[in-house]
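I opened a page in my notebook for this structure and wrote down what I looked up, entry by entry.

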Amino acid sequence: MVAEVRHESGVDDDDRALDAVERRDQLSAARSFFTLSPSSLTARIILLNIAGLIILVSGILYFNQFRQGLIDARVQSLMTQGHIIAGAIAASATVDTDSIVVDPDRLLDLQTGNRSGPDADESRSFEFPINPERAGQILRRLISPTKTRARIYDREGILVVDSHYLYGRGEILRFELPPPDSSPQSVVIDLWHGFNNWLFSNEYPLQKEYGNDNGKDFPEVTASLNGAAVSVVRVNEKHEIIVSVAVPIQRFRAVLGALVLSTQGGDIDDTLRGERRIILFTFMFAALVTVLLSVLLAGTIAEPIRRLALAAERVRHGVNKRVEIPDFSSRRDEIGHLSIALRDMTNALYSRIAAIENFAADVSHELKNPLTSLRSAVETLDYIKNDGQRQRLLAIIKDDLKRLDRLITDISDASRLDAELARSESRTIDIVELLNMVISIANETRNGDQAEIVLRIIPPPDNVEDAFLVTGHDIRLGQVIRNLLDNARSFSPADSTIRVRLRRVSGEVEICVDDDGTGIRPESMDKIFDRFHTDRPEGSFGQNSGLGLSISKQIVEAHRGRIWAENRYGPPSGEFGEKPVLGARFLVRLRPIDNDE
């Protein structure tokens with residue numbers, strides 16, 4: 001009763017330990033997920049996906065060619081607009097009549113019907129000064145709809161017209177005033193602007209202020225006064241991009257002045273900021289979708305792995321109860337393969353534990369029989385006065401000691417067999433040589449009345465040289481053959497023959513051992529390879545441990561082979577036509593090298 005109470009208490013302790021482990025793992029998984037701990041697989045998936053998205057968006061924002069393309073498009077637009085306005089202003093220019101000089105001698109040489117006037121060469125030297133009023137009207141009509149600022153310089157670099165200061169009658173003058181509140185902004189905003197300016201800095205020269213008489217201080221004005229149309233990109237004090245183009249105002253190839261068109265500060269930057277804002281909004285939406293998809297992906301990966309890990313942890317802590325591994329075999333991916341592997345491994349582990357428990361119980365039971373016999377003989381020995389009976393008891397004690405020694409040897413061999421097969425390196429074995437060696441030793445060491453062993457080798461139909469080569473451990477396969485031969489001899493009558501046959505059957509190497517004994521009883525056919533099972537003739541009890549065939553089966557299966565037993569029958573005879581049993585047959589089939597994976 002005490003032992004039963006202790007067992008129930010142990011089960012309760014195991015259950016409480018398993019529940020504690022499960023709660024701990026669940027809390028750890030939840031804490032890792034909500035705190036985005038790097039140890040969480042879900043957090044790692046989310047962080048890696050977001051990091052890749054951030055790198056992609058950063059590259060788009062920093063290395064994209066949108067800004068340069070926008071500047072080039074604005075330069076092209078301003079250049080076209082400048083040529084149109086310069087042509088209109090040049091056409092509106094009037095001739096300076098004070099500069100026309102008429103030669104009196106040339107007037108005397110005029111013929112009847114001819115008129116006096118400048119020729120083509122002289123017309124080129126006429127002065128066509130820019131009329132500010134007409135130019136202002138043209139700029140008012142062409143510049144007002146746009147956000148472009150126009151300046152006109154004469155040939156001396158003096159500012160003639162500035163569209164920023166054009167106004168008509170009744171118009172209200174508008175000037176940019178500083179903001180009324182000049183209080184400093186918050187530190188966060190300042191840091192953000194600083195980071196934005198550093199990340200998207202405009203590496204252009206600073207724009208100087210155009211004055212009334214310093215036009216020739218600007219390279220673009222000087223180039224246009226020399227007849228070239230040029231463009232330049234600069235930034236103002238706020239690091240805002242300003243695009244300027246200078247176009248010469250020409251008439252009859254005479255440069256009358258220079259037209260400078262400039263964008264307003266912040267015009268291009270506002271467009272760039274709007275584009276970047278769209279990219280950032282797209283990034284935020286993509287990040288949200290990425291997080292949702294990452295969570296979904298992690299749910300299909302991390303959650304099954306967590307459940308499998310939790311089940312493995314429970315298997316490690318579970319002592320008195322069987323833990324079932326979650327079944328994800330329906331999934332055709334690595335998780336499904338992992339689940340199948342863990343389930344098979346767990347089932348093999350539990351089978352091995354059950355086999356060890358059964359083996360321990362069988363060993364205990366088999367050891368108790370000779371020990372009980374020894375104890376009874378030793379206790380009886382003091383009461384025996386007859387020398388004959390004393391000698392008989394001593395003979396029983398010697399037989400029991402031999403049986404104990406044989407049991408301990410076989411038990412030790414069976415217990416370390418799996419470990420030895422796992423550690424030993426397999427090599428190529430010629431079954432023909434192995435059979436010849438084992439059978440030769442068995443025939444040379446046999447007693448006078450023991451059965452003789454005869455080997456017959458049937459060559460394969462195609463006469464392949466390596467037909468009987470297998471991969472394995474020669475010592476252990478030799479042990480299988482010796483166990484089968486010893487078992488056949490123990491059942492064979494004196495002066496009989498044990499026949500061993502080697503051949504290829506269905507692509508496998510088959511070893512067949514036939515004896516002329518009493519055969520295998522039907523009720524023992526399914527138990528013949530069980531541990532400690534013996535079905536011996538009378539008078540041979542205790543001479544075998546019952547582990548020989550069990551060890552042979554263990555070795556053959558470790559070599560990925562098969563072993564089984566059957567009876568040999570003769571032709572029907574007797575009143576009912578029954579087939580007599582001629583003896584037992586043991587068959588071993590191994591995989592040859594040419595079929596080995």
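**Entry 1, a surface residue.** I began with Leu293, which counts as exposed because its relative accessibility is 51%, where exposed means over 50% relative accessible area, buried under 20% and partly exposed in between, with a 1.4 Å probe and protein chains only. I noted that this is a predicted model, in which local features need pLDDT of at least 70 and side-chain atom pairs count only at pLDDT 80 or more, while totals for chains, interfaces and linings use all residues. Residues are numbered from 1 along each chain as its sequence is written, and side-chain values use heavy atoms, leaving out hydrogens and water.

Leu293 lies in helix α9, residues 267-317; helices (H or I, at least four residues) and strands (E, at least two) are DSSP runs numbered from the N terminus. I then found that Phe285, Val289, Leu293 and Leu296 form a nonpolar surface patch with about 410 Å² of accessible area together. Such a patch takes residues with over 30% relative accessible area and no salt bridge (a side-chain nitrogen of Lys or Arg within 4 Å of a carboxyl oxygen of Asp or Glu), and nonpolar side chains (Val, Leu, Ile, Met, Phe, Trp, Tyr) are joined within 5 Å. The areas come from the Shrake-Rupley method with a 1.4 Å probe, and for residues only the protein chains shown count as cover.

**Entry 2, Thr80.** Thr80, in helix α3 (residues 66-92), is partly exposed, with a relative accessible area of 42%. I also looked up Val245, which is 165 residues from Thr80 along the chain, and the two C-alpha atoms are separated by 9.9 Å.

**Entry 3, helix α15.** In α15, residues 548-558, I listed Leu549, Ser550, Ile551, Ser552, Ile555 and Val556 as buried. Just after α15, Arg560 takes a positive phi of about 60°.

**Entry 4, the largest cavity.** A cavity is a set of points on a 1 Å grid over the protein atoms alone where a 1.4 Å probe fits but cannot get out, and lining residues have an atom within 4 Å of a point. My search of the whole structure gave three cavities of 30 Å³ or more, and the largest has a volume of about 60 Å³, a volume being the space filled by probe spheres set on the points, which are joined across faces, edges and corners. Which helix supplies the largest share of its lining? I found that α14 does, with four residues.

Conventions: On a 1 Å grid over the protein atoms alone, a cavity is a set of points where a 1.4 Å probe fits but cannot get out, and a pocket is an open set with protein on both sides within 12 Å along at least five of seven lines; lining residues have an atom within 4 Å of a point. Patches are made of residues with over 30% relative accessible area and no salt bridge: like charges are joined within 9 Å, nonpolar side chains (Val, Leu, Ile, Met, Phe, Trp, Tyr) within 5 Å.
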